[in-house]
Amino acid sequence: MKCIYCGAELAENSIYCSQCGKEAQMVVGETVLEDEYLNSLIGSDNRTIELPNISRGAVQKPDSTGEGKEKTTSQKNNRKTIILCLILLFFVVGLILMIVCASHANSFDYQLKKAQAAASEGDLDRAIEYYENAIHLDQSDVDSRMELAQLYKDNGQNDGAKVMYMEVVRIDTANKDAYRGLLELYEAEGDTDAIVLLSQTVKDDSVLEVFADYMVTEPVFSVEGGTYDHYLHVELSAPEGSTIYYTTDRTDPIVYGKEYALPIDLSQMKSYTISAVAVNEKGVYSSVVTKEYEIAIPAPELPVVFPDGGEFSQETFVLIEVPEGYHAYYTWDGSDPNILSTQYTEPFAVPKGNHVLSVIIIDPVTEQYSEIYRQYFTYYP
């Protein structure tokens with residue numbers, strides 16, 4: 001007999017192998033008892049394995065019927081079947097877990113519940129992650145976006161909150177809470193320009209009520225722009241609580257304007273551009289209003305004189321028509337009249353002899369002159 005572990009020859013009736021020290025097992029001829037050999041390789045499964053009945057000192061002859069070999073082969077096949085079943089079981093369980101995970105990953109309700117649970121536990125990062133998954137699955141849900149916007153704000157992620165509020169107003173243009181959220185963020189950042197631009201996108205009058213504290217009425221001009229033949233005093237007005245800033249040189253009144261206090265005098269013969277803006281106590285500016293003015297006062301027309309020159313044999317008085325607000329000056333010696341000449345106040349007599357009457361009309365405000373009237377007058381009594 002040989003040891004099945006090291007192959008050494010065993011003495012008759014030996015209990016242990018003299019070479020490896022292990023318990024002696026029998027080999028019948030060249031055939032190792034396969035049950036014991038398998039147990040040494042894969043371990044015992046605590047089941048009793050029947051060994052061939054071999055008397056001490058005797059050699060078991062091979063089963064001429066092959067029954068022992070069939071039994072050993074059957075046991076090996078049973079183990080393989082068990083192993084395959086276990087592998088298959090693990091595969092099925094893994095597949096089920098993958099299907100469940102995929103189902104959860106694609107379930108809006110599941111992601112939303114997980115988000116709300118994480119938020120209630122104070123785990124904002126996980127809650128935000130679940131909310132982001134949820135809104136990715138439902139492109140039209142408003143409530144989840146509002147809740148996520150609040151979480152972003154609580155977590156100091158204001159840009160993310162603004163994105164969520166903007167998505168809500170895109171889905172629901174009448175959602176006042178979303179507009180209020182945006183206004184709160186813009187005001188905290190001092191971005192009044194964004195507030196004005198946002199208000200300009202609103203079409204619903206009821207939503208515009210949300211902007212009541214942020215809407216500033218533009219200044220009102222007492223005189224409309226245009227061309228005028230006289231000087232102007234332009235007054236500006238705005239609702240109580242607003243301050244008006246203006247410029248007259250085409251610059252931006254928000255940047256370069258001076259505070260309005262008194263009417264603006266347009267008292268020169270030229271073009272004017274007045275730009276004005278109102279700002280409320282929150283620092284929100286109205287739209288800029290610009291008006292163009294042209295002061296183009298015409299020069300006085302040629303004086304009208306009666307009689308219009310001639311020869312006279314009796315005393316005659318000269319009448320000059322002077323437009324209201326103008327002055328007339330005249331001379332009798334043919335020289336050009338000016339403000340140092342005789343001012344016309346009432347009809348005057350034609351002097352004796354041959355004379356040239358010269359008359360001019362002057363606008364005392366603009367200091368513009370009319371053309372000179374000249375005519376011969378002869379008076380011999």
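This report describes the overall make-up of a predicted model, then one of its sheets and one helix pair.

## Overall make-up

The protein chain of this predicted model contains 10 helices and 19 strands. Of its 381 residues, 34% are buried. Among the contacts in the protein chain with a separation of 6 or more, 55% are accounted for by residues 24 or more positions apart.

## A five-stranded sheet

An open sheet is formed by 5 strands, whose order is β13-β19-β18-β15-β16 and whose pairing is mixed. The edge strands are β13 (310-312) and β16 (342-343), each of which pairs on one side only.

Within this order, β18 stands between β19 and β15, and the pairing on each side of β18 can be described in turn. Strand β18 (residues 353-362) runs antiparallel to strand β19 (residues 373-379), and the two are joined by 7 bridges. Along this pairing, Gly353 has Tyr379 of β19 as its bridge partner, while Val356 stands opposite Tyr376 in β19. On the other side, strand β15 (residues 327-331) is joined to β18 by 5 bridges, again with the two strands running antiparallel; here Thr331 stands opposite Ser358 in β18.

## Burial of β18

Strand β18 is mostly covered, with 8 of its 10 residues buried, whereas buried residues make up 34% of the protein chain. In a regular strand, the side chains alternate between the two faces of the sheet. The burial count for β18 can be read together with its place in the sheet, where β19 and β15 are its neighbours in the strand order.

## The packing of α3 and α5

Helix α3 (residues 108-120) and helix α5 (residues 142-154) have axes that come within 12 Å of each other and cross at roughly 30°. Because angles under 35 degrees count as roughly parallel, α3 and α5 are therefore roughly parallel to each other. The crossing of these two helices is left-handed.

The contact is made on the α3 side by Phe108, Leu112, Gln116 and Ala119, and on the α5 side by Ser144, Glu147 and Leu151. Sorted by class, the residues in the contact of α3 with α5 comprise 4 nonpolar, 2 polar and 1 charged. Under this classification, Phe, Leu and Ala count as nonpolar and Glu as charged, so the charged residue of the contact is Glu147 of α5, and the nonpolar ones include Phe108 and Leu112 of α3 as well as Leu151 of α5.

Note on methods. Residues are numbered from 1 along each chain as its sequence is written. This is a predicted model: local features need pLDDT of at least 70, side-chain atom pairs count only at pLDDT 80 or more; totals for chains, interfaces and linings use all residues. Side-chain values use heavy atoms; hydrogens and water are left out. Axes are lines fitted to C-alpha atoms, for helices over the stretch in contact, and angles run from 0 to 180 degrees between N-to-C directions. Helices (H or I, at least four residues) and strands (E, at least two) are DSSP runs, numbered from the N terminus. Angles under 35 degrees count as roughly parallel, over 145 as roughly antiparallel, 65 to 115 as roughly perpendicular and the rest as oblique. A crossing is left-handed if the near helix is turned anticlockwise from the far one by less than a right angle, and right-handed if clockwise. Contact means heavy atoms within 4.5 Å. Two strands pair if DSSP finds at least two bridges between them. Buried means under 20% relative accessible area, exposed over 50%, partly exposed in between (1.4 Å probe, protein chains only).
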